[in-house]
Amino acid sequence: MSTDLNTISKLADLQSQRSKWRHNNQIIALVPTMGALHEGHLSLVKLARTAASKVIVSVFVNPKQFTQGEDLDQYPRDLAADLDKLKTIGADLVYAPDVEQIYPKGFSTHISVTGISEGLCGVSRPHFFDGVATVVTKLLLHCAPDIAVFGEKDYQQLLVIRRLVADLDLPVDVLGGPIVRESDGLALSSRNVYLSKTDRQSAPLLWKALIETRAQLLQGVPMQQAASQTSEQLIKAGFILDYFELCDARTLAPIHQYEGKPARLLIASMLGRTRLIDNISVIG
Ligand code: AMP
């Protein structure tokens, strides 16, 4: 299937398209992305399709979620390739604003979701979730979707956005889509292109560590003990671990021993110059 795909960069054009759709009682879904699209992103677009009659995909590399020394300048960008992929799966509109459209001169507001954004990735990247919450709020206001779809790949981010939407009474349903993986278990990520050949071979060990640790947790082994064995293997393979935590699946409060309540095992690590994150549900 290949369809026409309207690409819009100006808010006024987006608003005009959106009012036409609203007038025709269309259900609109938004899938926010930073581009460099892969099958993980496309799975979210497909999920959005099942829930809505019109699907907007935003492509915007958000400078506010990067800090100095991070990879904003090197972040992969290829809008033409993104459009080709989106055409084949039936997205209806791509919103690709430039930085000035989202952050006009003098922009001084930021959205900060406290609590849930403070642990895990919020420790080593303290700027990150404010950047995400700010841009997602703007994208939701610009696109005014009925549904917004995010990946469980960024599990903490998904919960931060659910909190944001609940706290601000934003009229949108948030859907989470499952993680799409390579056949060897590595979670798809736009940043995987940074991996050297050797690091790419080691990268699936992160997924293996999650699976092995989960098996031990389900047998009643405390998190610290379960994680120390698998972490050791990762460190030997060259990973520099940022965190490896078992958390309540809804609040992300740390858990020391799995006791049957829905939990999530989350991990983040540097491998070479690439930051990898992954997570898995723990339900006995
Ligand atoms: P990004 O372009 O990395 O900001 O990601 C845009 C959206 O795609 C986010 O909601 C991510 O959680 C989601 N996403 C990224 N990688 C995957 C994956 N492997 N499987 C499912 N969703 C993903």
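Visitor: Which residue is the bridge partner of isoleucine 56 in strand 4?

Guide: Leucine 93 is that partner. This is a predicted model: local features need pLDDT of at least 70, side-chain atom pairs count only at pLDDT 80 or more, and totals for chains, interfaces and linings use all residues. Residues are numbered from 1 along each chain as its sequence is written, and side-chain values use heavy atoms, with hydrogens and water left out.

Visitor: Why do strand 3 and strand 4 count as a pair?

Guide: Two strands pair if DSSP finds at least two bridges between them. Strand 3 (residues 54–59) and strand 4 (residues 93–95) have 3 bridges, so they pair. Their sense is parallel. Strands here are DSSP runs of E, at least two residues; helices are runs of H or I, at least four, and both are numbered from the N terminus.

Visitor: Which order do the strands take in the sheet of 6?

Guide: The order is 1-4-3-2-5-6, in an open sheet with parallel pairing. Strand 1 (6–8) and strand 6 (173–177) are the edge strands, each pairing on one side only.

Visitor: Why is one side of strand 7 and of strand 9 left without a neighbour in the sheet?

Guide: Strands 7, 8 and 9 form an open, antiparallel sheet in the order 7-8-9. Strand 7 (239–248) and strand 9 (274–282) stand at its edges with a single partner strand each, so one side of each has no neighbour in the sheet. Strand 7 is joined to strand 8 (residues 263–271) by 9 bridges. One of the bridge partners is leucine 266 in strand 8, matched with glutamate 245.

Visitor: Why are helix 1 and helix 6 called oblique to each other?

Guide: The axes of helix 1 (residues 11–23) and helix 6 (residues 128–143) cross at roughly 50 degrees and come within 9 Å. Axes are lines fitted to C-alpha atoms, for helices over the stretch in contact, and angles run from 0 to 180 degrees between N-to-C directions. Under 35 degrees counts as roughly parallel, over 145 as roughly antiparallel, 65 to 115 as roughly perpendicular, and the rest as oblique. The two helices are therefore oblique. Contact (heavy atoms within 4.5 Å) involves Leu11, Leu14 and Arg18 of helix 1, with Leu141, His142 and Cys143 of helix 6.

Visitor: What makes the ligand and aspartate 154 a polar contact?

Guide: A polar contact is a pair of N or O atoms within 3.5 Å; within protein, one must be able to donate a hydrogen and the other to accept it, and residues adjacent in sequence count only if both atoms are side-chain atoms. A ligand oxygen is 2.6 Å from an N or O atom in the side chain of aspartate 154, so the pair qualifies.
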